[in-house]
Structures are given as C-alpha cells and as structure tokens.
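Q: Could you take me through one spot in this model up close, and then show me how the strands around it are arranged?

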Amino acid sequence: MQVVPQTSSVGFREIPGKGRGVVALRGFAPGEAVEVVPAIIIPKKDLPVPLSGTVFDRYLLYWSDEPGREFAIAGGLLMLYNHSARPNVKLKDGPLPNTFLVEALRRIDPGEELTFDYNCELGFQPI
C-alpha cells in the first residue's frame, strides 16, 4: 500500500469572528496540493435522524451517490477549514482511495487562512 507523506504545511489558529481555522505555513502555487487527508466513509443508513443538532450536521461531507458510501468525515485539518464564497482552495478526490485532496486555486501566501466553498445551505452568516 502506498503511504501518503504528511507535511507541516498547514496549521490552525483562532480566526477573528470565526473560531478555529486553518492557515498556510508556507506559500502554495495554483494547482498545488495543500493537504491530503483520509476520509471516514459513512453510509446514509448509519446517520442519526434528524441530523440537526448533531456533530454530523456540522462536519459531514458529501462523498458519492454509491449506496453505503454517501457521506464522509475528513481527517487531518480539513474539518477546521472555514467557508468562503471566494475560496482559495478546493476539495477533490484524493490520490488514494478514501482520501480528499485540498488543492490551491490561486497563489496562497504563508499565514493566509485557507478556505473552501461549502457548496451547501449555510446555517450561519458568513463573514
């Protein structure tokens, strides 16, 4: 099995008005991999109903239409990335099965907050 190397290229800190967020510890070029993280696949049938008020309501990501593989929770720092309508990273299928790839959409400077578009109805007012 191929091992995905881990780097210390991202970290987290308090972001004013947002709580915790992820920041770049070095610069990234457009299209560069920022982070590769494992995904914990969650079948729809295993989710509590209703989702509202549960941890799943805040941290569940869509994975696929394949039965039994509908949702995921990501490892690494991915679950701490904040939303932006003008994100600087995007999520893609990872290089290995059951992984997410975080990819830079544009040049990112060291210390810059990393954000992606949640692409869903938000339960909060974005900053």
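A: **A close look at Asn88**

Asn88 has a relative accessibility of 2%, so it counts as buried, the cut-off being under 20%. Keep in mind as you look that this is a predicted model.

Where does Asn88 lie? You'll find it in the loop that runs between strand E6 (82–83) and strand E7 (89–93). Its side chain has two polar partners worth clicking on. One is the side chain of Glu112, with a polar contact at 3.2 Å. The other is a backbone atom: the side chain of Asn88 reaches the oxygen of Glu113 at 2.8 Å.

Now for the wider surroundings. If you skip the neighbours within four places in sequence, Asn88 is in contact with Glu103, Ala104, Leu105, Arg106 and Ile108, and also with Glu112, Glu113, Leu114 and Thr115. So Glu112 and Glu113, the two polar partners, turn up in that contact list as well.

Staying in the loop between E6 and E7, have a look at Ala85. Is Ala85 buried or exposed? Ala85 has a relative accessible area of 67%, and because the cut-off for exposed is over 50%, it counts as exposed. Ala85 also has a partner from elsewhere in the chain: its C-alpha atom is separated by 7.7 Å from that of Phe116, although the two are 31 residues apart along the chain.

Next, the strands on either side of the loop. E7 belongs to an open sheet of five strands, in the order E4-E5-E3-E8-E7, with antiparallel pairing. The edges of that sheet are strand E4 (61–62) and E7, each of which pairs on one side only. Further in, strand E3 (residues 33–42) and strand E8 (residues 99–104) run antiparallel and are joined by five bridges. One pair to pick out there is Ala33 and its bridge partner in E8, Glu103. You've met Glu103 already, as one of the residues in contact with Asn88.

E6, on the other hand, sits in an open sheet of four strands, ordered E1-E2-E9-E6, and here the pairing is mixed. Its edge strands are strand E1 (10–15) and E6, again each pairing on one side only. At the E1 end, six bridges join E1 to strand E2 (residues 19–24), and the two run antiparallel. Among the residues involved, Arg13 has Gly21 in E2 as its bridge partner.

Put together, the loop that holds Asn88 links E6 to E7, with E6 an edge strand of the four-strand sheet and E7 an edge strand of the five-strand one.

Conventions:
Residues are numbered from 1 along each chain as its sequence is written. This is a predicted model: local features need pLDDT of at least 70, side-chain atom pairs count only at pLDDT 80 or more; totals for chains, interfaces and linings use all residues. Side-chain values use heavy atoms; hydrogens and water are left out. Buried means under 20% relative accessible area, exposed over 50%, partly exposed in between (1.4 Å probe, protein chains only). A polar contact is a pair of N or O atoms within 3.5 Å; within protein, one must be able to donate a hydrogen and the other to accept it, and residues adjacent in sequence count only if both atoms are side-chain atoms. Contact means heavy atoms within 4.5 Å. Two strands pair if DSSP finds at least two bridges between them.
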